[in-house]
Amino acid sequence: SVGLDVVVSENINLYSIPLAYGKPMRVFGGDEYLNLTVDIPYFNFESTPDSESGLGDIALAAEYFIEKDGSILKAEFNLKVPSGDEKIGLGSGSTDVGFALTGRKRVGEIGFNTSSGYIIRGEATINNADINYGNVFNIAGGAEYQLVKHLWLGANVAYVHTGTSEFSGGAETDGLQTLDVIPNIAYHINTD
């Protein structure tokens with residue numbers, strides 16, 4: 001599949017082309033798929049006349065998805081390569097590796113889901129300054145209720161912790177911790 005994602009804001013526009021390939025598999029005896037994706041971002045900065053625009057950091061992912069007996073399990077591996085020019089703000093300059101697990105179970109009209117992931121962020125040198133980015137851990141879980149056939153309402157609670165980033169010379173930037181409640185609605189057009 002090929003798509004186009006567009007995010008428009010006051011000073012920055014992001015145009016991203018997600019490419020994906022999925023292949024049915026039969027390893028564990030359920031409905032299984034190996035999905036490979038590439039996300040190619042292009043940033044357009046409009047804040048000043050001399051702002052640079054161009055290719056951002058490209059993200060690659062491989063996930064294995066299995067659905068069996070009303071349960072879904074997905075294992076995912078991610079790689080972000082420093083393809084954007086970090087000197088002008090188009091990328092981070094680091095190679096990042098991520099892992100994630102996601103699960104969902106529906107019983108009658110009620111469903112439960114959980115996910116957890118970890119990103120090992122690499123190091124970069126930008127304008128002669130060495131940067132050691134802090135790693136990222138996230139965990140989320142929630143529930144959903146089938147309001148009518150094919151229509152589900154729910155909410156998740158998500159926690160994200162980003163570690164402290166360290167710069168050459170001893171400077172640091174604080175990490176970030178967030179706790180979010182995320183309402184959601186899903187309508188399943190095709191049950192297959």
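The legends below describe views of one predicted model.

**View 1. The whole protein chain, built from strands without helices.**
The protein chain of this predicted model contains zero helices and 15 strands. Its C-alpha trace spans about 55 × 35 × 35 Å along the principal axes. Of the 192 residues, 24% count as buried. The exposed area of the protein chain is about 12,100 Å², and 59% of this area is supplied by carbon and sulfur atoms. Among contacts with a separation of 6 or more, residues 24 or more positions apart account for 45%.

**View 2. The open sheet E9-E10-E13-E14.**
Four strands make up this open sheet, in the order E9-E10-E13-E14, and their pairing is antiparallel. Strand E9 (123-126) and strand E14 (172-173) are the edge strands; each has a single partner strand, so one side of each is left without a neighbour in the sheet. At the E14 end of the order, strand E13 (residues 165-167) pairs with E14 in the antiparallel sense over two bridges. In this pairing Glu-166 stands opposite Glu-172 in E14.

**View 3. The hairpin of E7 and E8.**
E7 and E8 are joined in the antiparallel sense over 11 bridges. Val-97 stands opposite Ile-120 of E8. The hairpin has two residues between the strands, and Gly-108 takes a positive phi near 65 degrees there.

**View 4. The pairing of E8 with E11.**
E8 also runs antiparallel to E11, to which 10 bridges join it. Asn-113 has Gly-142 in E11 as its bridge partner. Asn-113 is also one of the residues lining the second largest pocket, which is the subject of the next view.

**View 5. The second largest pocket and its lining.**
The second largest pocket holds about 180 Å³ of space. Its lining consists of Arg-104, Arg-106, Asn-113, Ser-115, Ala-140, Ala-143, Glu-144, Asn-156, Asn-184, Ala-186 and His-188. Two or more lining residues come from each of strand E7 (96-107), strand E8 (110-120), strand E11 (136-148) and strand E15 (176-187). The largest share, three residues, is given by E11. By residue class, the lining divides into three nonpolar, five polar and three charged residues.

**View 6. Ala-75 and its surroundings in strand E6.**
Ala-75 is found in strand E6. Leaving aside residues up to four places away in sequence, Ala-75 touches Ala-62, Glu-63, Tyr-64, Ala-100 and Leu-101. Ala-75 counts as partly exposed because its relative accessibility is 36%, a value between the limits of 20% for buried and 50% for exposed. The C-alpha atoms of Ala-75 and Gly-103 are 8.9 Å apart in space, while the two residues are 28 residues apart in sequence.

**View 7. Gly-89 in the loop between E6 and E7.**
Gly-89 has its place in the loop that lies between strand E6 (71-81) and E7. With a relative accessibility of 49%, Gly-89 counts as partly exposed, since exposed requires over 50%. Between the C-alpha atoms of Gly-89 and Ser-51 the separation is 9.8 Å, and these residues are 38 residues apart along the chain.

Notes: Residues numbered from 1 in each chain as written. Predicted model: local features only at pLDDT ≥ 70, side-chain atom pairs only at ≥ 80, totals over all residues. Heavy atoms only, no water. Pairing = 2+ DSSP bridges. 1 Å grid on protein atoms, 1.4 Å probe; cavity = no way out; pocket = protein on both sides within 12 Å on 5 of 7 lines; lining within 4 Å. Points joined across faces, edges and corners; volume = space filled by probe spheres on them. Nonpolar A, V, L, I, M, F, W, Y, C, P; charged D, E, K, R; others polar. Buried < 20%, exposed > 50% of the residue type's maximum accessible area, 1.4 Å probe, protein only. Contact = heavy atoms within 4.5 Å. Areas by Shrake-Rupley, 256 points an atom, 1.4 Å probe, with all protein chains shown as cover.
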